Each structure stands twice: as C-alpha cells, then as structure tokens.
Amino acid sequence: MANLVNVESVSKSYGERALLDGVSLGVGEGERIGVVGLNGGGKTTLLEVLAGHAQPDSGRVSRVRDLRMRVVTQRTALPEGSLVRDVVLAEYGAEHEWAADARVRSIVDGLGISAIGLETPTATLSGGERRRVALAAALVAELDLVVLDEPTNHLDIEGVRWLAEHLLARRISLVVVTHDRWFLDTVCGRTWEVVGGKVEQYEGGYADWVYARAERARLAATAEEKRQNLARKELAWLQRGAKARTSKPRYRVEAAESLISDVPPPRDSVELLSFAKRRLGKTVLELEDTTLSAGERTLLDHVTWRIGPGDRIGLVGVNGSGKTTLLRLLAGESEPETGRRIEGKTVRLAHLRQELDDLPADLRVLQAVEAVAGRVTLGKHELSASQLAEKLGFPPARQWTPVGDLSGGERRRLQLVRLLMAEPNVLLLDEPTNDLDIDTLQQLEDLLDSWPGTLVVVSHDRYLVERVCDTVVALFGDGGITHLPGGIDEYLARRTDLPKAASAARSQVDAGEQANAGNGKVSAAEWRAITKELSRLERKLDALHKREVTLHDKLAAAATEPERLMELNSELKTVLAEKDEVEQKWLETSEAVE
C-alpha cells in the first residue's frame, strides 16, 4: 500500500521546547489514524507539519503528486465578508446542483449547516458554528486525505455519530486528533501517541492503545504501581462494559483478562449510595410541577423530577435543546415560570459552567487552589491541593504559573480543581471534558468513580456518560424529561425514529388538506401556501432566537466594555423587535389554519 504522505526524521521546536524530535512515519491509502497525547504535547504541531501548514526545523515531508487533501485545525479561519453558502458550497453553482448530491445533502444536514442557515454571514457565527462550517467545507470535496484537529468539539452526541458513520463510509485516509474515545475506537484502525517529542505507533483504536499502555506499564512498574495504574483500570472498564465495546477485540482477550484480573470494578455503587444518603439525607434536588422556557420555546411543561442522594445522571439532547438552561435551574441560578425548585438542607452544590468563572489572576495556580482549601477528601482518598491539581493536568512545575498566563483550557481545568476542593456533595457538570486530554479525562473519571455524592452531567462524550453515570435522561423538545433505560444507544435510536414520526405528522396534514378542501373552508393550494408560510416563520423564529442567545452571551462577556455593551444592547433590541413582529405574523397565520 502506497503512502500518501511520508515524514522522515522531522524535528520541530518552539523556543527551547522540542515538540517533535526525529519523527518518521507515513500515512497510507485508506488508513484512518487517531492521534493522542497530552495537551501541549505536539499533536497539533504534528498535524500542521503533515499538512504543510508549518515547516519542520529539520527533516523532510513528502506527498504524492496531485494529493487531494483538506485540513481543519482549531486555527481554521473563514473568508471575511462571506456567507455560509460561499464557504461550504463554493464548488457548486445553483442550488439544484448540490441538492441533487445525496452526499452533500447529508453533510449539510448532518453537521447542522441547515440549522445555521446558508445565507448567514460567517462574521456572525459563534466559535462552534465556525468550526462546523469549516468541517463541512472540507468534507464536501472529493478527497484522498482529510486531516482534522478535534472535529467532535461543538458536536452533540448525534453529530459525533453522524461524523463517524460518514468517515467510515468514505474510502479516504484520515488523520484525526480527538479526545473523544468512542470516536477513536469506532473510526480509527491505527493510533499515534505523541509523547516526549516522539510518536509511538499502535495497531487498532482506543481500546488497543489502552491495552498496549497497560501492558507497557505492567512490564516496567512495581506490583503496587500496577494495581494503581489508571490504564489498567480503564481497560477493565472497557472489557466489563457494554457488549458493543467488546464485540470486536483486536488484541488478545486472554492477555487482557490476565492483565486486569486484580483490578476492582470502577466503583462500589452500593457503598457510595449508602455514604451519599448519610451525607445528604432524603431530599437533594427536586423540581415540582415546573415550567421552564427559553425565549418563546417551552423546555419543561409542568414537569416533576426528583434527584435523590447518590443519583448519577447523564443529561443528553441535541445542541440548543435546553440542557444548560436546565442545569442553571437546578443550580438555583434561575427561576421557573411555574412550580418550584426544592433543595435539601444539607446540600453543598457546585456548578461547573461552560463559561469561565472569574479566577484570581494575581495568584499562581497552586495558590489559587489552596485559597479554597489545603486538602480535600474525595471518597476514600485524601489529597493535597497540589496532588489534585496534578491529577487534573497541572504538573508541579506548572503549578507555579501565574493564573493570568494560563490558556483557556488550563483556566477551565483550574476552575474544576477549585470546584472539587470545596468538597461539594452535589455536582452539576456542563461539558466537563472540553479542553481535557485523554490522560486528564481518565484522572477525572477515576475521581468521579469514587465520589460519594449526587452527580448530573451534560456531555457529548459517550465514554464519560457511560462510565460515571448510572442513569441517562434526555430532552427531546416535547416539554418533558425522558428516562432512557437503554442509555445513549436508546437515545440515538429514538432520535433516528423522530423523522419517521414527522413523516406521519405530514401525512395527517395532507389528509387535513383534502378534508378542508372538501368542506369548502380553503382550497388545497391555499392550505399548502399557509402551511409553507408557517414553516418559514418558524425557521425565522428559530434563527432569531439563536441570535438572541448569542447576543446575551456576548453581553455577558463584554461586561467591562461600556461602548461594546451599548452596541450589543442596541442590536439585541432590534432582534427582539423583529422577533415580536415575526411571532405576530405566526399567530395570524396559525389562526388562518384553524
């Protein structure tokens, strides 16, 4: 099999730090390669050297002639003054040209480009929307090789599944950096680990890489270190977990079972539940006959939901379904329209938001952690501030870095460390895996495994939800909270069935057209025109609501900029006025239907 790209003895440094040191490797035709390693370890640098976006200090990178390659990194920029259509469908003229191509239609729908709007200016897009547009623009092209850096960021669980299925269906080579372990295991047939300036190569996906690391640690470590090794614990969970994760083991099952024979289950649920009841009592968090809205959209419609001591709940739903809004209600940061929120007297609640909380920029990392507490007890483990910081990605040398010099990802990790140091007994986590590498994710999951409290997690990381949660609930947009005994698989199955239900509803509308025409109320043509106008107005309302939410976020971020606040407030008033006008038209049109 010929290589599309060859890397020979490549070295690349930034300042005094060597990220790549004499690396040699190749990308073959049809290979799908996952790249893993610590944050800041050189993964993105390797992709940029492979793609030709960065030149090596020494060594050589060669590519086959006429290689069709697209690259989507975290630094991908969109053309100024462009529309979404200009970026994604640049190679197509009239709409019928791309609409007739099932693959392009699938990409536009699967990545949520239709929801963003093809006529939307790219300058108004959020960071997540810009990443999805750049990804769609890459995938619509005919390619030999696609290089992706964290493509699952800003995708919900359904979007991650779609992307995996799309890449598996196409006969193209792939090099991808991602911390999404389900995606790695589903899509990739080889794994590169960037560590210490070198690239270690392994056959297979995430589970195979975990096994190889565990075996390497077993050969090198003492007996006590082996028992504590996180890679072995992760492997034990993979082997004992859902059948889907173990139906195609590419490594030797007998060797894996021998390696994990003395590793206990990730957590003792009975003991943790008993401990949680002693800490929390019977009442933790309850929503009673609660109605909750976001703009004009009803998220909860007279819902009663009780979260008990020791409950470990994963909350899933498509982007924009209201998961973050629901967490804020549970945290007591907002009030419902009807009903009430009840909080137990012994509850000590901590809420990890997606937004970065204010951190003491004048302190160093360790000082910022010790300002909360010097030591913390998490389950059976007592840790110092320094030990907990190290577990969540701050090695001793980094702990003396000024907080003001941290990257966005490091600031989020520090936010999580400070939150855990407060020893809460109820944790609300909103996308806790953002900006965490796989090693740090394993450390976080290890901490949560033995954490004896109540936990509600919003995450698109299937492995995290399946590992640390005992129950999965979903927001399907029907005003309720749906319990899913089958977990993530049941959620995806239900989401797949939704278009069928919509088709049945359309059939009922068609029957209504004929009945109304027969009754002399309106003609079939008039009925179709009215329902088409209703659909248009609903799409317009969705777009305005999305714009309203974005502006609220921008207002919060610009709290210290008076001129920017005035500009954004004026824009928000315009959006709200237009929204009121569209809503009035929708009401008038609805009355015509009735």
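## A tour of the predicted model

Begin with the largest nonpolar core of this predicted model, which has 49 residues. Select Leu111, Ile113, Val133, Leu167 and Phe183, the residues with the most contacts inside this core. Next, colour helix H6, residues 127-139: with 7 residues, H6 contributes the largest share of the core.

Centre the view on Ile113. Which residues does Ile113 touch, once its neighbours within four places in sequence are left aside? The contacts are Val84, Val88, Ile107, Val108, Leu118, Arg132, Val133 and Ala136. Among these partners, Val133 is also listed with Ile113 among the residues with the most contacts inside the core.

A second, separate core can then be displayed; it has 47 residues. Ile157, Leu352, Leu464 and Phe476 are included in this second core and may serve as a selection.

Move now to helix H1, residues 43-51. Is this helix largely enclosed or left open? Of its 9 residues, 8 are buried, so the rest of the structure largely encloses the helix. To see the buried positions of H1, select Lys43, Thr45, Leu46, Leu47, Glu48, Val49, Leu50 and Ala51. Continue to Gly52, just after H1, where the backbone takes a positive phi of about 85°.

The next stop is a sheet. Select strands S11, S10 and S13, which form an open sheet of 3 strands in the order S11-S10-S13, paired in the antiparallel sense. Strands S11 (297-307) and S13 (338-343) are at the edges; each has a single partner strand, so one side of each lacks a neighbour in the sheet. On average, neighbouring strands here are turned by 25° against each other, direction ignored.

Within this sheet, display the backbone of S10, residues 285-294, together with S11: the two strands pair antiparallel over 7 bridges. For one specific pair, select Ser293 and its bridge partner in S11, Thr298. Then add helix H15, residues 323-330, which lies across S10, S11 and S13. The helix runs at about 135° to S10.

Finish by colouring the chain by pLDDT. The average for the protein chain is 81, and 80% of the residues score at least 70. Two stretches deserve a separate selection. Over residues 242-252 the pLDDT is below 50, and this stretch has 18 contacts in the model beyond near neighbours in sequence. Residues 501-521 also have a pLDDT below 50, with 11 contacts in the model beyond near neighbours in sequence. Predicted coordinates should not be read in detail where pLDDT is low.

Definitions and conventions
Residues numbered from 1 in each chain as written. Predicted model: local features only at pLDDT ≥ 70, side-chain atom pairs only at ≥ 80, totals over all residues. Heavy atoms only, no water. Core = buried A, V, L, I, M, F, W, Y, C linked by side-chain atoms within 4.5 Å. Buried < 20%, exposed > 50% of the residue type's maximum accessible area, 1.4 Å probe, protein only. Helix = DSSP H or I, 4+ residues; strand = E, 2+ residues; numbered from the N terminus. Contact = heavy atoms within 4.5 Å. Pairing = 2+ DSSP bridges. Axes fitted to C-alpha atoms, helices over the stretch in contact; angles between N-to-C directions. pLDDT = per-residue confidence, 0-100.
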